[in-house]
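Open the model in your viewer and keep the selection tool at hand. The tour moves from stop to stop, with a note on what to select at each one.

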Amino acid sequence: KWLKTGSRVPAGFKTDLAKYGLAASEWGDNGNFPPCLYVREGRRVVGDYVMKEGDLILANGVTDPVALGYYMIDSHPVQWVISGGAVKSEGQIDVTIPPGVPVSYKVLLPKQAECTNLWVISSMSTSRVVHASLRMEPILMALGYAAGAAAAIASARGCTSLAVPYSELSRIIDIRRTQE
């Protein structure tokens, strides 16, 4: 709605935008406005381990997997530019990754020096490129399951998120089942 009313939005844009409306068939109980905004990207935690593009595309040597990545690296263009007489997208990424890339438990954890009782799911410790792949709901659900199991272990043992024994966590989440 701010595009229609904002003082810094050009008048011509507001006129063009006025031709469109909200979806009449959706959210009738809320004036046809979605009750929740979808935020594709935001700030991410920076842990002692940050998963990067090489970890996603190459054999990454992860020894503590809690989820498997499978979705391509998918990032929308930042802007369109004219280069050499042609329009090109800048910042768009569409890269296929190998199926079943292991995602480390460590992406869920902040830096040990900063916090010891936190698990971060959707804002995990990854680069922007890796987040563009791991942001998908099935992967987030697997990470949430792992974080919940780790929290239960930490509570029962009286230990920190960083001290959860992976051997115990792996017996609960059984990552092999997701590979079938």
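Select R135 and D74 to begin. These two residues form a salt bridge, with the closest N and O atoms 2.9 Å apart. The pair joins distant parts of the chain: R135 sits in the loop between helix 4 and helix 5 (137-157), D74 in strand 2 (residues 73-75), and 61 residues separate the two. Keep in mind that this is a predicted model.

Are the partners buried or exposed? R135 counts as buried because its relative accessible area is 11%, under the 20% cut-off. D74 is buried too, at 13% relative accessibility.

Next, select E168 and R157. Their side chains meet in another salt bridge, at 2.7 Å from N to O. Here E168 belongs to helix 6 (residues 166-173) and R157 to helix 5, 11 residues apart, and the pair again links distant parts of the chain. E168 is partly exposed, with 22% relative accessibility.

Now go to D16 and K19. A salt bridge connects these side chains, and its N to O distance is 3.7 Å. D16 has a relative accessible area of 42%, so it is partly exposed. K19 reaches 68% and therefore counts as exposed.

How many salt bridges does the structure hold? There are 4. The three pairs visited so far are among them. In general, side chains of opposite charge can pair when their charged atoms come close.

Stay with charge for a moment, and colour by it. The protein carries 18 positive and 16 negative charges. The mean positions of the two sets lie 6 Å apart.

Select T126 next. Where does it lie? T126 is in the loop between strand 6 (101-104) and helix 4 (128-134). This loop residue is buried, because its relative accessibility is 5%.

Show the surroundings of T126. Leaving aside residues up to four places away in sequence, T126 touches R44, V45, V50, M51, V107, H131 and L134. Of these contacts, H131 and L134 fall within the range of helix 4 (128-134).

Keep T126 selected and add G144. Draw a line between the two C-alpha atoms: they are separated by 16 Å. Along the chain, T126 and G144 are 18 residues apart.

Move on to the backbone, and select W27. Its phi is near 50 degrees, a positive value in a residue other than glycine. W27 is in the loop between helix 2 (11-17) and helix 3 (53-57). At 37% relative accessibility, W27 is partly exposed.

Now select N32. Which loop holds this residue? N32 is found between helix 2 and helix 3. N32 is not a glycine, yet its phi is positive, at about 65 degrees. It is partly exposed, with a relative accessible area of 22%.

Zoom out and switch to a cartoon. The protein has 6 helices and 6 strands. Follow the chain from the N terminus: the elements run α-α-α-β-β-β-β-β-β-α-α-α.

Look at the overall dimensions. Along its principal axes, the C-alpha trace spans about 60 × 50 × 35 Å. The radius of gyration is 21 Å, whereas a compact globule of 180 residues would have one near 16 Å.

Turn on contacts. Among those with a separation of 6 or more, 65% are between residues 24 or more positions apart. The R135 and D74 pair, 61 residues apart, is one place to see distant parts of the chain linked.

Finish with the surface. How much of the protein is buried? Buried residues make up 32% of the 180 residues. The accessible surface comes to about 11300 Å², and carbon and sulfur atoms account for 57% of that area.

Terms used:
Residues numbered from 1 in each chain as written. Predicted model: local features only at pLDDT ≥ 70, side-chain atom pairs only at ≥ 80, totals over all residues. Heavy atoms only, no water. Helix = DSSP H or I, 4+ residues; strand = E, 2+ residues; numbered from the N terminus. Rg over C-alpha atoms; globule rule 2.2 N^0.38 Å. Buried < 20%, exposed > 50% of the residue type's maximum accessible area, 1.4 Å probe, protein only. Contact = heavy atoms within 4.5 Å. Areas by Shrake-Rupley, 256 points an atom, 1.4 Å probe, with all protein chains shown as cover. Lys, Arg positive; Asp, Glu negative; His and termini not counted. Charge placed at Lys NZ, Arg CZ, Asp CG, Glu CD.
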